[in-house]
Amino acid sequence: AKAASSLVWLAGPTIAIAVIVAVAVVIFWILHRRKTKVGIAAPPPLDAIEMAQAEVPVVKAEMKVVHVDPTGDRRRECSTTISKSIRLRELRNILTDEFDENFKGKSFYFLTKQLRLVEPEAETMQFVRMVYEDDEIFIREVNRDDSADTRMHFCVCGAVAQFECSECQSQGYCSPECQAKHWDAIHSKECGLQGEQKRRATVLNRARASRTDVGKTSVTSWKGY
């Protein structure tokens with residue numbers, strides 16, 4: 001009798017623990033199903049641009065590259081067969097690699113169908129199909145020294161600038177190698193002057209902005225976002 005009562009006394013806590021564990025498992029399973037159902041536990045989705053690209057089949061098309069000068073005159077540069085699902089920066093690389101006689105070492109902007117400049121920093125976000133619905137790609141070749149903007153947008157080698165001179169903040173470079181060569185060749189002599197010119201231009205632009213409607217958007221450039 002004593003042995004039986006001892007077994008009952010020992011079995012009571014064991015059964016209670018087993019019941020608690022079973023209830024916890026059931027609650028966890030129910031919560032897990034509910035989270036999965038509403039998508040909380042699902043893997044993170046692709047960003048909007050990648051989803052848009054994934055939904056579009058890869059179809060290549062022949063595109064004509066047309067140079068448009070500031071006066072509006074046009075001349076055909078070349079033709080290339082590309083997928084419209086690539087970004088403008090990829091298109092720039094294709095043009096400079098395949099047609100080095102036309103584009104190697106030259107600075108150029110992409111233009112929209114309305115002939116507005118696409119700023120180089122926007123090229124990594126914009127797909128070809130978003131800018132060029134038809135079969136023509138518009139570009140405008142520029143001299144790097146045409147303006148402060150072109151010096152910031154393009155390296156001395158013609159490539160798109162990735163960073164700027166930390167001193168004058170008015171000259172862009174695509175790589176430390178180009179920066180070092182340009183510093184030894186000429187920039188060490190003009191760095192301070194360019195910095196002063198940029199500071200004066202900034203003060204002048206702020207003064208003009210205070211007298212104009214700063215809410216108006218630019219009609220000469222287009223970021224695409």
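Which strand is Gly172 found in? Gly172 is part of strand 7. Keep in mind as you look around that this is a predicted model.

**Around Gly172**

Let's stay with this glycine for a moment. Gly172 has a relative accessibility of 0%, so it counts as buried, the cut-off being under 20%. What does Gly172 touch, leaving out residues up to four places away in sequence? The contacts are Arg151, Met152, Phe154, Cys155, Val156, Ala161, Phe163 and Glu164. Take Val156 from that list: Gly172 and Val156 are 16 residues apart in sequence, and their C-alpha atoms are 7.8 Å apart in space.

**Rings and charges**

Now for the aromatic side chains. How many aromatic pairs does the structure hold? There are five of them. In one, the ring centres of Phe103 and Phe108 are 5.2 Å apart and the planes meet at 50°. Why is this pair called tilted? Planes under 30 degrees apart would count as stacked and those over 60 as edge-to-face, so an angle of 50° makes the pair tilted. Phe103 and Phe108 are both buried. They also have company: ring pairs join Phe103, Phe108 and Phe110 into a cluster.

Phe108 has another neighbour to look for, because Arg92 lies over the face of this ring, and a charge within 6 Å of the ring centre and within 35 degrees of the ring normal counts as sitting over it. The distance from Arg92 to the ring centre of Phe108 is 4.2 Å. You can find a second arginine over a ring by going to Phe127: the charged end of Arg129 sits there, 4.7 Å from the ring centre.

**Two loop residues with positive phi**

Finally, have a look at two loop residues. Leu115 has a positive phi although it is not a glycine, and Gln169 has a positive phi without being a glycine either. Here they are side by side:

| Residue | Phi | Loop between | Relative accessibility |
|---|---|---|---|
| Leu115 | about 65° | strand 3 (107-111) and strand 4 (117-118) | 28% |
| Gln169 | about 55° | strand 6 (163-164) and strand 7 (172-173) | 39% |

Are these residues buried, exposed or something in between? Buried means under 20% and exposed means over 50%, so Leu115 at 28% is partly exposed. Gln169, at 39%, counts as partly exposed too. The loop that holds Gln169 runs up to strand 7, which brings us back to the strand where Gly172 is found.

Methods:
Residues are numbered from 1 along each chain as its sequence is written. This is a predicted model: local features need pLDDT of at least 70, side-chain atom pairs count only at pLDDT 80 or more; totals for chains, interfaces and linings use all residues. Side-chain values use heavy atoms; hydrogens and water are left out. Rings of Phe, Tyr and Trp (its six-membered ring) pair if their centres lie within 6.5 Å; planes under 30 degrees apart count as stacked, over 60 as edge-to-face and the rest as tilted. Buried means under 20% relative accessible area, exposed over 50%, partly exposed in between (1.4 Å probe, protein chains only). Helices (H or I, at least four residues) and strands (E, at least two) are DSSP runs, numbered from the N terminus. Contact means heavy atoms within 4.5 Å.
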